[in-house]
Amino acid sequence: MLYFNNVSTFYGKIQALHDINIEVQKGEIVTLIGANGAGKSTLLMTLCGSPRASSGSIRYQGDELVGLDTPEIMRKSIAVVPEGRRVFARLTVEENLAMGGFFGSKADNQEQMDKVLHLFPRLKERQHTEAGVMSGGEQQMLTLCRTLMGDPDLIIIDEPTEGLAPKIVELVGQYLQTLKARGISVLLIEQKLTIAMTISDRALVMGHGSIVFQGTPDSLRADNYIRKE
Ligand code: ATP
């Protein structure tokens, strides 16, 4: 579904990505792990077209993305959830979700909202509640669910569990498994191994702009990279 083939990216003369080869299949949860400055955000942003890959190919559902600009790429059923939890505090859950479907028609948005609320009953219960009064965990779920309003086939989430209590991390894990069960692919970007080791199908480890390990959580567990953490 998503293939990086020998992708390299530069910031001026500095090479930030070195010949990246990765893939994410339909319905797969893949976690990209790496320390600060390893190049995780650069990989994510290269996929989004800014900075542009200086060489290599990125194919998504058969289309070449390298050379397209960011709005064109974002129209291809890819959703990106940036780091941090942001809800519109004075708007209700329903209104927050509507913000995520801004570009769709009214009927399509309503249908998609019904689908999302059906998948996440806890949010449905809170449908008419102002987001600002909800717990941190519920706000996180709302942020994640808002992304579903565009009916994506691939979701890329930057550090969804950063600074969250274990109970909420568990909720995020359930959210990801719900997506997987619907055939949605997830690329998670994490500094920690928590989710990577429990629910990922595969883990990718980045170091100094290269992928230094790819494999199942079990093979990662058995490998030296994890022992160094
Ligand atoms: P973090 O977890 O801190 O977000 P990261 O793994 O996402 O780290 P990147 O932000 O992709 O790492 O950074 C990779 C390398 O590219 C680092 O050496 C960083 O200093 C460099 N870099 C990142 N953004 C720029 C930029 N706009 N201009 C020049 N160099 C950059």
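Select Met206 in strand 9 and Ile211 in strand 10: the two are bridge partners. Strands here are DSSP runs (E, at least two residues), helices are DSSP runs (H or I, at least four residues), and both are numbered from the N terminus. The model is predicted, so local features need pLDDT of at least 70 and side-chain atom pairs count only at pLDDT 80 or more, while totals for chains, interfaces and linings use all residues. Residues are numbered from 1 along each chain as its sequence is written, and side-chain values use heavy atoms, with hydrogens and water left out.

**Strands 9 and 10**

Extend the selection to residues 202-207 and 210-215. Strand 9 and strand 10 run antiparallel and are joined by 5 bridges; two strands count as paired if DSSP finds at least two bridges between them. They form a hairpin with 2 residues between the strands. In that turn, pick His208, which has a positive phi of about 50 degrees.

**Strand 3 and its neighbours**

From strand 9, move to strand 3, residues 29-34. These two strands run parallel, again with 5 bridges, and Thr31 stands opposite Ala203 of strand 9. Now add residues 185-190, which are strand 8; this strand pairs with strand 3 in the parallel sense over 5 bridges. Ile29 has Val186 in strand 8 as its bridge partner.

Colour strand 3 by accessibility. Of its 6 residues, 6 are buried (under 20% relative accessible area, with exposed over 50% and partly exposed in between; 1.4 Å probe, protein chains only). In a regular strand the side chains alternate between the two faces of the sheet. Ile29, Thr31 and Ile33 lie on one side of strand 3, Val30, Leu32 and Gly34 on the other, and both faces are covered.

**The open sheet**

Next, show strands 2, 1, 4 and 5. These 4 strands form an open sheet in the order 2-1-4-5, with antiparallel pairing. Strand 2 (14-24) and strand 5 (63-64) stand at the edges with a single partner strand each, so one side of each has no neighbour in the sheet.

Start with strand 1 and strand 2, which are joined by 7 bridges. Leu2 has Val24 in strand 2 as its bridge partner. The two strands form a hairpin with 2 residues between them, and Gly12 in the turn has a positive phi of about 60 degrees.

Then turn to strand 4, residues 55-60, which runs antiparallel to strand 1 (residues 2-11) and is joined to it by 5 bridges. Two pairs to display are Tyr3 with Arg59 and Asn5 with Ser57.

**Ser41**

Select Ser41 in helix 1, residues 40-47. Ser41 counts as partly exposed because its relative accessibility is 42%. Add Asp158 and draw a distance: the C-alpha atoms of Ser41 and Asp158 are separated by 8.1 Å, although the residues are 117 apart along the chain.

**Asp151**

Last, select Asp151, in the loop between helix 6 (136-147) and strand 7 (154-158). Its relative accessibility of 44% is why Asp151 counts as partly exposed. Which residues gather with Asp151 in a patch of negative charge on the surface? Add Asp108, Glu111, Asp114 and Asp153 to the selection to see them. Such a patch joins like charges within 9 Å, using residues with over 30% relative accessible area and no salt bridge (a side-chain nitrogen of Lys or Arg within 4 Å of a carboxyl oxygen of Asp or Glu).

Conventions
Patches are made of residues with over 30% relative accessible area and no salt bridge: like charges are joined within 9 Å, nonpolar side chains (Val, Leu, Ile, Met, Phe, Trp, Tyr) within 5 Å. Accessible areas come from the Shrake-Rupley method with a 1.4 Å probe; for residues, only the protein chains shown count as cover. Lys and Arg count as positive and Asp and Glu as negative; His and the chain ends are not counted. The place of a charge is taken as NZ of Lys, CZ of Arg, CG of Asp or CD of Glu.
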